[in-house]
Every structure is written in structure tokens, then in C-alpha cells.
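These are my notes from a session of looking things up in one structure, entry by entry. I kept to what could be read off for particular residues and elements.

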Amino acid sequence: MPDVHWGYGFPIGGVAATNVERGGVVSPGGVGFDISCGIRLLSTTFDEGDIQPRLTRLMTTLKRDVPAGGGRGGIWRANDRDLRRVLEHGARAAVEAGYGFTEDLERCEDGGWLPAGVGDAVSERAKARGIGELGSLGSGNHFIELQIVDRILDPQVAQRFGLREGQVTAMIHTGSRGLGHQICSDHVREMLKALESYHIELPDPQLAAAPVRSTHGERYLSAMAAAANFGRANRQLLTWAVRRVFEAALGRGQISVVYDVSHNLAKLESHQVGGSRVELCVHRKGATRALPAGHPDLPGVYSEVGQPVLVPGSMGTASYVLVGESSNDAFFSTCHGAGRAMSRHAAMRTGDGVELRRSLQRQGILVETRSVASLPEESPEAYKDVDEVVRACEGAGLSRPVARLRPVGVLKG
DNA sequence: ATGTTC
């Protein structure tokens with residue numbers, strides 16, 4: 001994908017499909033450490049004029065109510081049984097516990113959950129790291145952003161997505177936190193020990209892999225599904241927090257899910273390859289699934305137009321909503337964001353966090369964070385131009401732009 | 001991305 005950059009084992013912005021029936025492998029490095037990291041977009045019944053006078057209050061409350069940064073707890077004080085339900089049922093478990101509505105799930109990839117039996121493929125350590133982080137933002141490039149629909153590029157599709165010019169939206173970017181990270185580490189280690197038994201030779205241990213149809217492959221995929229469920233429940237819990245914050249600041253209004261989609265996941269999918277249907281294990285790492293109109297896996301509400309694709313820019317630049325295209329020849333995948341142009345280390349040398357925050361504020365973007373000092377890691381300078389990335393995807397026939405969103409408030413981890 | 005090195 002055009003937002004490609006260096007990553008662990010596989011690049012971020014990469015799509016790799018393996019043929020399951022012919023011994024194709026699954027590789028944790030092809031998914032990434034932050035399993036099921038992804039974006040959820042919320043539409044609101046509010047307009048820019050409704051939130052501008054209360055923006056400071058909205059952002060302060062959001063910062064107060066959303067645990068962010070490392071090890072700061074989660075919204076849901078979950079017990080072992082709650083965690084188990086989350087690992088097995090994802091966003092559905094969060095909704096059943098009162099953190100949202102059944103309608104939310106309809107507008108999530110996979111209905112918000114993948115079937116996952118939680119055996120010993122999810123280690124006790126992974127569960128211990130996850131239980132206190134249910135409903136937390138994390139750090140790095142994770143954020144909650146309040147945006148204004150700046151431009152509608154495809155009116156018909158935008159209408160179906162529930163988007164109109166001047167409308168307030170909220171974008172949530174987070175993943176599976178320490179739990180997903182631990183699952184990735186655990187399974188890379190397990191697979192490395194088993195390489196010889198599968199006759200796999202690798203140029204680099206970061207490419208650790210096992211056949212999809214093998215003990216190690218199946219164990220990873222079931223743990224990965226549990227982590228994906230955690231990530232989706234996490235975004236559902238943050239949705240609940242956003243709804244509460246809006247209600248406290250602005251009173252009654254409606255906040256709906258536009259879509260929720262992962263950009264770090266491997267999925268078993270059926271695709272047309274060389275004239276026949278084959279079962280593939282499609283790894284998307286920093287790449288977003290983008291189903292075209294008419295695809296059977298789409299929820300009914302989007303079946304006629306195609307899947308919403310949620311593409312965040314960098315902090316302080318626009319984000320996009322795209323839609324899947326039938327001309328997509330990348331196993332129905334497209335970009336996932338602007339993509340880094342600088343390493344975190346190089347980005348830290350571009351300037352001072354306090355100054356960056358001030359400069360964004362001058363552009364009408366209120367930034368709240370617990371760590372101003374690390375803000376330059378996420379400086380817009382450190383990222384590619386999202387408008388160009390989106391154009392490249394359109395030119396390649398991967399996806400088509402539907403709406404451009406401009407930020408007014410950002411909560412960073 | 002991450003109890004930023006088990």
C-alpha cells in the first residue's frame with residue numbers, strides 16, 4: 001500500500017496472502033504486535049457550531065474520562081469472567097455488559113467479534129496484562145479525535161454512511177494493548193521453536209510462521225481472534241466514553257457507529273485467483289480490508305455501496321472515509337493511514353512538544369495529552385501526505401474517496 | 001505497538 005514503511009518482519013502497509021490448501025503459512029509478524037489495531041468512526045447529530053463553544057470542555061472531559069498512556073487502567077473494571085466473555089465475543093460482550101447498543105455491532109467488521117475458543121493459546125500473562133486495560137487508549141499513534149466533515153466527495157455513498165458536510169464526527173484509533181502484544185510475542189517464540197518440524201527455513205526470525213493447518217498455526221489464529229475481540233471491545237468501550245462526554249457537555253443527541261475496521265489482522269477468506277476460488281490467509285498489517293458493493297460479507301446497510309474504509313491522517317491533518325471498489329486486485333485491501341515518513345526517533349528531533357501543541361492550536365486544533373514531551377513523535381512532519389496516499393489508492397483502483405474530515409480536537413495517548 | 005529489554 002502507498003503508506004508503506006518499515007516494520008517488524010513484514011512492512012506496515014503490507015498485504016500478504018497464502019494459499020491454505022497448499023500449506024500456506026500464517027505469520028504473527030504479518031499481523032503486527034498490536035493485533036486488531038483499528039479505527040472506529042462515530043457520526044453525531046451535532047454540527048461544528050454546536051461544539052465550538054464547548055470544545056475546551058469536551059476535550060478536558062475526554063482526557064479525564066479516557067484512560068490513556070501506559071498502564072493507567074481501563075474503563076471496565078472487569079473480572080476474569082468478563083475478560084473471558086470479551087475474548088470470546090468481542091464488542092458484543094461490551095454491549096451485553098451495557099456499554100452500547102446492538103445496532104452498534106451491525107456496523108462493525110465481522111459484527112464486532114470473531115469466534116474464538118480461549119484455551120491455553122492465550123497465556124495467563126497475556127490475560128493479566130489485558131484485564132486492567134479494557135477501555136483504554138494506549139500511546140504512540142493512538143488517539144480519539146473530534147472532526148468536522150470538511151468535504152463530501154461522493155454524495156450518494158456519504159449519505160448511506162450517514163455523513164454530511166459540517167457534521168461532527170469522532171474517530172477512535174486503538175488496539176488490543178498489552179494483551180495483543182503479549183500474544184504476538186508468545187506465538188513468535190512458540191513458532192520459532194517449531195520451524196524445523198515444519199521444514200521452514202527463514203532469513204530472519206522476525207518472519208516466524210507456521211502452516212495455517214497446523215497446531216501452531218491454529219493456536220496462533222485462535223489467540224489472534226481473542227486479541228481481535230479484545231481490540232473491538234476496547235473500541236466499543238471508548239465509544240461509550242465518547243457518548244457520555246458528549247451527553248454531559250451538549251445534552252441529548254445521537255451518536256452512531258459509521259464503521260469499525262481493523263488494519264492489523266490475518267483472515268481466512270475466499271478469493272478468486274486465476275479463475276478459481278481459493279481459501280487464502282490474508283495478512284493485512286497496516287492495511288485495511290475494503291469490500292466492494294455487493295460483497296456477501298458486507299452488512300445489509302452497506303451492501304449496495306461497499307464497505308466504509310477509515311483512514312486517519314496524522315495529528316493535525318485531514319482524515320478520510322473511503323469506499324471499497326470492485327477493481328481492487330489486492331485481495332480487497334487499501335491503505336490504513338498517512339504512513340510514517342520518519343522514525344519515532346528522527347521525529348523527536350523535529351521540534352519541541354509545547355511548541356507543536358501551540359502551533360496546532362493556532363490552526364484551530366486543540367490537543368490534549370498526558371505527555372506533551374513525546375508529542376513530536378507524532379508530528380505531521382513525521383508522516384506522509386495523506387491526501388496523496390488516498391489519491392494513489394484511488395489511482396490504483398483500490399478504493400474511492402467519500403468524505404474528508406478535518407480535526408478540531410485530539411486526545412493523544 | 002509495548003508494564004518502550006524477561
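**Entry 1, Asp154.** I looked up the accessibility of Asp154 in this predicted model, and at 13% relative accessibility I have to call Asp154 buried, because the limit for that word is under 20%. I then placed Asp154 in the chain and found it in the loop between strand S4 (143-152) and helix H7 (155-161). Which residues touch Asp154, once its neighbours within four places in sequence are left aside? I found Arg400, Pro401 and Val402 in contact with Asp154, and with the side chain of Arg400 the Asp154 side chain makes a polar contact at 3.0 Å.

**Entry 2, strand S5.** I went on to strand S5 (residues 167-174), where eight of the eight residues are buried, so I noted the strand as largely enclosed by the rest of the structure. I checked the two faces separately: Gln167, Thr169, Met171 and His173 are buried on one side, and Val168, Ala170, Ile172 and Thr174 are buried on the other. For the pairing, I read seven bridges between strand S3 (residues 38-47) and S5, running antiparallel, with Ser43 opposite Thr169 of S5. S4 is also joined to S5 in antiparallel fashion, by six bridges, and here I found Ile144 opposite Ile172 of S5.

**Entry 3, DNA strand B.** How many residues surround DNA strand B? I listed 14, of which the closest are Arg129, Glu133, Ser139, Asn141 and Arg177. By residue class, I sorted this surface into one nonpolar, seven polar and six charged residues. Of the DNA strand B atoms within 4 Å of the protein, 57% belong to sugar or phosphate, and the rest belong to bases.

I then looked at individual distances. A side-chain N or O atom of Arg177 is 2.7 Å from a phosphate oxygen of DNA strand B, and a polar side-chain atom of Glu133 lies 2.8 Å from a phosphate oxygen of that strand. For His181 the partner is a base oxygen of DNA strand B, 3.4 Å from a polar side-chain atom. The elements that I found giving two or more residues to this surface are helix H6 (124-131) and helix H8 (177-194), and H8 supplies the largest share, three residues.

**Entry 4, helix H6.** I wanted to know which residues of H6 are buried, and I found Ala126, Lys127 and Gly130. Seen down the axis of H6, these buried residues fall within an arc of 95 degrees, so I recorded them as lining one face of the helix. As a reminder to myself, an α-helix has 3.6 residues a turn, so residues three or four places apart point the same way. The cover over the buried residues of H6 includes helix H3 (80-89), H8 and helix H9 (215-250). On the face turned away from the buried side I noted the exposed residues Glu124, Arg125 and Ala128.

**Entry 5, positive phi angles.** I noted that Arg177, although not a glycine, has a positive phi of about 55 degrees. Arg177 lies in H8, and at 14% relative accessibility I count Arg177 as buried, with the reminder that this value is calculated from protein chains only. Asp110, also not a glycine, has a positive phi of about 60 degrees. I placed Asp110 in the loop between helix H5 (102-106) and H6, where Asp110 is partly exposed, with a relative accessible area of 28%.

Notes:
Residues are numbered from 1 along each chain as its sequence is written. Chains are lettered from A and ligands numbered from 1 in the order in which they are written. This is a predicted model: local features need pLDDT of at least 70, side-chain atom pairs count only at pLDDT 80 or more; totals for chains, interfaces and linings use all residues. Side-chain values use heavy atoms; hydrogens and water are left out. Buried means under 20% relative accessible area, exposed over 50%, partly exposed in between (1.4 Å probe, protein chains only). A polar contact is a pair of N or O atoms within 3.5 Å; within protein, one must be able to donate a hydrogen and the other to accept it, and residues adjacent in sequence count only if both atoms are side-chain atoms. Contact means heavy atoms within 4.5 Å. A residue is near a molecule or strand if one of its heavy atoms lies within 4 Å of it. Ala, Val, Leu, Ile, Met, Phe, Trp, Tyr, Cys and Pro count as nonpolar, Asp, Glu, Lys and Arg as charged, and the others, Gly among them, as polar. The arc is that of the directions from the helix axis to the C-beta atoms. Two strands pair if DSSP finds at least two bridges between them.
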